[in-house]
Amino acid sequence: MLEWPFFEDRHREFAAFAREHLPEADGDLDERCRGLVRALARDGWLQHAVGESLDVRTLCLARETLARHDGLADFAFAMQGLGSGPISLFGSEDQRARYLPAVRSGDKIAAFALSEPDAGSDVAAMTTRASGGRLTGTKTWISNGGIADFYTVFAREDAGISAFVVEASEVEIAERIDVIAPHPLARLVFDDTPAEPLGPPGAGMKIALSTLDVFRSTVGAAALGFARRALDETLVRVRERRLFGGPMAELPLVQAKLAEMALGIDASALLVYRSAWAKDTRGGRVTREAAMAKLYATEAAQRTIDAAVQLHGALGVVSGHPVEELYREIRALRIYEGTSEIQKLVIAGQTMAAAEA
Ligand SMILES: Cc1cc2nc3c(=O)[nH]c(=O)nc-3n(C[C@H](O)[C@H](O)[C@H](O)COP(=O)(O)OP(=O)(O)OC[C@H]3O[C@@H](n4cnc5c(N)ncnc54)[C@H](O)[C@@H]3O)c2cc1C
């Protein structure tokens, strides 16, 4: 894949670096997450996730490599980027100086707080209010909630939806939420909470959508990494496992499944890196390409991982087996940063608009 025309030498060099510096960390969930952020900072990964000119191909190569290795490592990397993305893209010079070096060095953990109990896909239904630099309302499903040092938060004020930075010491963690593939996740309550404006009043939707425009293709890249790991595990298994007097890999129906897995992986990679390349080289918004990359890669990875579980037989559902972990890990990617259904609406809208132009 690295020979594809989407990549330059610096991407091939980064991919080689990434394979040699896979992060490890021990402890409970929060300790592992903090340890992974420290390891990613120490080895230089985070410099690619934070800053004014984000190279989306590098972000995608990073997420693909980390997800193939460990879902939580991918999560730790992605959230440092997404949580600080609004500051990278729209922060004042002073905000960039206060937050970005600390996110890059792993001294501050970042989070991105957009969703609310009654405003997920329908972001415009948000009810968190901002007035006089103070926030009141509830955000939920917030990744890194409980371990973040600061939150970029979106709230409604008279000028429309605006973005803010809120220090963690000011935020009430109302609930930690357990999910099928454990990540730090929380519901946050703001009760007349001091918040610093980020970007102009009323520019919140533009800030959120521009940030997601950079990071949405990277969700597809993470899905691609999970799918590659599922195929890696499966290729080992079907060669070793003997069925009906020969290696399982020689059975035609098994080969049909392997072919579908390989095809899904290549098609996902093409869409993910097409989108990343378009963003890096053309600039501006890549709404259509990013929606296609995210939709296709996450759905294809779900099918690939399901096939991997099936080809492992009972072993595939044993708790802690890599394909069982992948089966849980992939699911949320079809929901967060815009569900599959919302990506379809976006693609249809863009397709119809292009036909009318
Ligand atoms: C693990 C995880 C981490 C997350 N991290 C963050 C985070 O860090 N920050 C953050 O702000 N949010 C985060 N989220 C929230 C996520 O972005 C929302 O869950 C997502 O946007 C969907 O919103 P919802 O859950 O309210 O579902 P809903 O919006 O209620 O949607 C329910 C279902 O209806 C479907 N649907 C919606 N509209 C239509 C339509 N027009 N036609 C047909 N079907 C439709 C959806 O696709 C979905 O299948 C996270 C979620 C998860 C699972």
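A residue counts as buried here when its relative accessible area is under 20%, and as exposed when that value is over 50%. With that cut-off in mind, the tour below walks through a predicted model, beginning at a helix and ending at a set of paired strands.

Select residues 56–69 to bring up helix α3, whose 14 residues reach 20 Å from the first C-alpha to the last, close to the 20 Å expected at 1.5 Å a residue. Colour this selection by accessibility and α3 shows itself to be mostly covered, with 12 of its 14 residues buried. The buried positions run through V56, R57, T58, L59, C60, L61, A62, R63, E64, T65, L66 and A67, so that charged names such as R57, R63 and E64 appear in the list beside V56 and L59. To see what provides the cover for the buried residues of α3, add the helices α1 (9–20), α2 (29–42), α4 (71–90), α6 (204–240) and α7 (252–282), which are included among the covering elements.

Keep α4 on screen and pick S84, which is found in that helix. Is S84 buried or exposed? S84 has a relative accessible area of 0%, and because the cut-off for buried is under 20%, S84 is classed as buried. Draw a distance from a polar atom of the S84 side chain to the backbone oxygen of Q80, and the viewer should give 2.6 Å. Leaving aside residues up to four places away in sequence, S84 touches V50, M79, L100, V103, A110 and F150.

Now move to the ligand and display its surroundings, which consist of 18 residues, the closest being S115, S121, W141, T339 and E341. Three polar approaches deserve a distance label. A nitrogen atom of the ligand is 2.8 Å from a polar backbone atom of F112, whereas the approach from T339 is made by a polar side-chain atom, which lies 2.6 Å from an oxygen atom of the ligand. E341 likewise brings a polar side-chain atom to 2.7 Å from an oxygen atom of the ligand. How much of the ligand's accessible area does the protein cover? Of the 970 Å² that the ligand has on its own, the protein covers 64%.

Next, select residues 150–157, which form strand β4; 6 of its 8 residues are buried, so β4 is largely enclosed by the rest of the structure. Add strand β1 (residues 110–113), which pairs with β4 in the parallel sense over 4 bridges, and look for A111, whose bridge partner in β4 is Y151. Both A110 and F150, already met as contacts of S84, lie within the residue ranges of these strands, A110 in β1 and F150 in β4.

Then extend the selection to strand β5 (residues 160–167), which pairs with β4 in the antiparallel sense over 8 bridges. The two strands form a hairpin with 2 residues between them, and two facing pairs can be used to check the register: F150 stands opposite E167, while T152 stands opposite V165. β5 is itself mostly covered, as 7 of its 8 residues are buried.

Finish by adding strand β8 (residues 196–198), which runs antiparallel to β5 and is joined to it by 3 bridges. To locate this pairing, select A163 together with L198, its bridge partner in β8.

Key. Residues numbered from 1 in each chain as written. Predicted model: local features only at pLDDT ≥ 70, side-chain atom pairs only at ≥ 80, totals over all residues. Heavy atoms only, no water. Expected span 1.5 Å × (residues − 1). Buried < 20%, exposed > 50% of the residue type's maximum accessible area, 1.4 Å probe, protein only. Contact = heavy atoms within 4.5 Å. Polar contact = N/O pair within 3.5 Å; in protein donor to acceptor, adjacent residues only side chain to side chain. Near = heavy atom within 4 Å. Areas by Shrake-Rupley, 256 points an atom, 1.4 Å probe, with all protein chains shown as cover. Pairing = 2+ DSSP bridges.
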